[in-house]
Amino acid sequence: MLCFYVFTAYDRRAFLQPQLSFKTSSYVYHEAPPGTLPGAEGIRQVVSMFRAAFPDLEMTIDDQIAEGDQVCSRATTCGTHQGEIFGIPATGNVVAMTGMTIVRIVDGRITDSWVKNDVMGLINQLNAGSASR
């Protein structure tokens, strides 16, 4: 499964290599976070940010459904907060963030992706949402 390969690549850091054979040059990262670079560079930027904050990052696919040219994956990302993210210094907290990703595949290549993660849940686990901070 191509989508499984994409998520596995996050874990194995292969996703950060300069040449991504599974994306087209016209790849679109829909609904990317503000300030994210366009295209595949945006994905690399977000993955790098999370890798710096959670060096032991692991992603597990919980469910995956394919129909037509799209694949939807529900995943859980886990790691230990060892570096700054969203302006929050390392806490040492072990966290889990759920999310969903939809990718469109054309001619065996990912052309589009939509990613929704529970970022507020992540921030709450980092204790950044508490009144004591």
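Reader: Why is E41 called partly exposed?

Author: E41 has a relative accessible area of 41%. With a 1.4 Å probe and protein chains only, buried means under 20%, exposed over 50%, and partly exposed in between, so the value for E41 falls in the middle class. This is a predicted model, in which local features need pLDDT of at least 70 and side-chain atom pairs pLDDT 80 or more, while totals for chains, interfaces and linings use all residues. Residues are numbered from 1 along each chain as its sequence is written, and side-chain values use heavy atoms, with hydrogens and water left out.

Reader: What makes R44 buried or exposed?

Author: R44 counts as buried, because its relative accessibility is 10%.

Reader: How do you know that R44 and E41 form a salt bridge?

Author: Their side chains come to 2.6 Å, N to O. The term asks for a side-chain nitrogen of Lys or Arg within 4 Å of a carboxyl oxygen of Asp or Glu, so the pair qualifies. Both residues belong to helix 2 (residues 39-53) and sit three residues apart, about one turn of the helix. Helices (H or I, at least four residues) and strands (E, at least two) are DSSP runs numbered from the N terminus.

Reader: What makes D63 and R74 a salt bridge, and where do they lie?

Author: The closest N and O atoms of D63 and R74 are 2.6 Å apart, so the salt-bridge limit is met. The pair links distant parts of the chain, with D63 in strand 2 (residues 58-67) and R74 in strand 3 (residues 70-80), eleven residues apart. D63 is partly exposed at 41%, and R74 is partly exposed at 36%. Together with D62, these two residues form a network of salt bridges.

Reader: Why does the pair of R104 and D112 count as a salt bridge?

Author: Their N to O distance is 3.6 Å, which is within the limit and therefore counts. R104 is partly exposed at 26%, whereas D112, at 11%, is buried. The whole structure has six salt bridges.

Reader: How many aromatic pairs are there, and what is the arrangement of F50 and F54?

Author: There are two aromatic pairs. The ring centres of F50 and F54 lie 6.2 Å apart and the planes meet at 20 degrees, so this pair is stacked. Rings of Phe, Tyr and Trp (its six-membered ring) pair if their centres lie within 6.5 Å; planes under 30 degrees apart are stacked, over 60 edge-to-face, and the rest tilted.

Reader: Why is the pair of F50 and F86 called edge-to-face?

Author: The centres are 6.1 Å apart and the planes stand at 80 degrees, so both the pairing limit and the edge-to-face limit are met. F50 lies in helix 2 and F86 in the loop between strand 3 and strand 4 (94-106), so the pair ties together parts that are 36 residues apart in sequence. F50 is buried at 13%, while F86 is partly exposed at 39%. F54 is buried too. The ring pairs join F50, F54 and F86 into a cluster.

Reader: Which residues of helix 2 and strand 3 take part in the contacts described here?

Author: Helix 2 includes R44 and E41, and also F50. Strand 3 holds R74.
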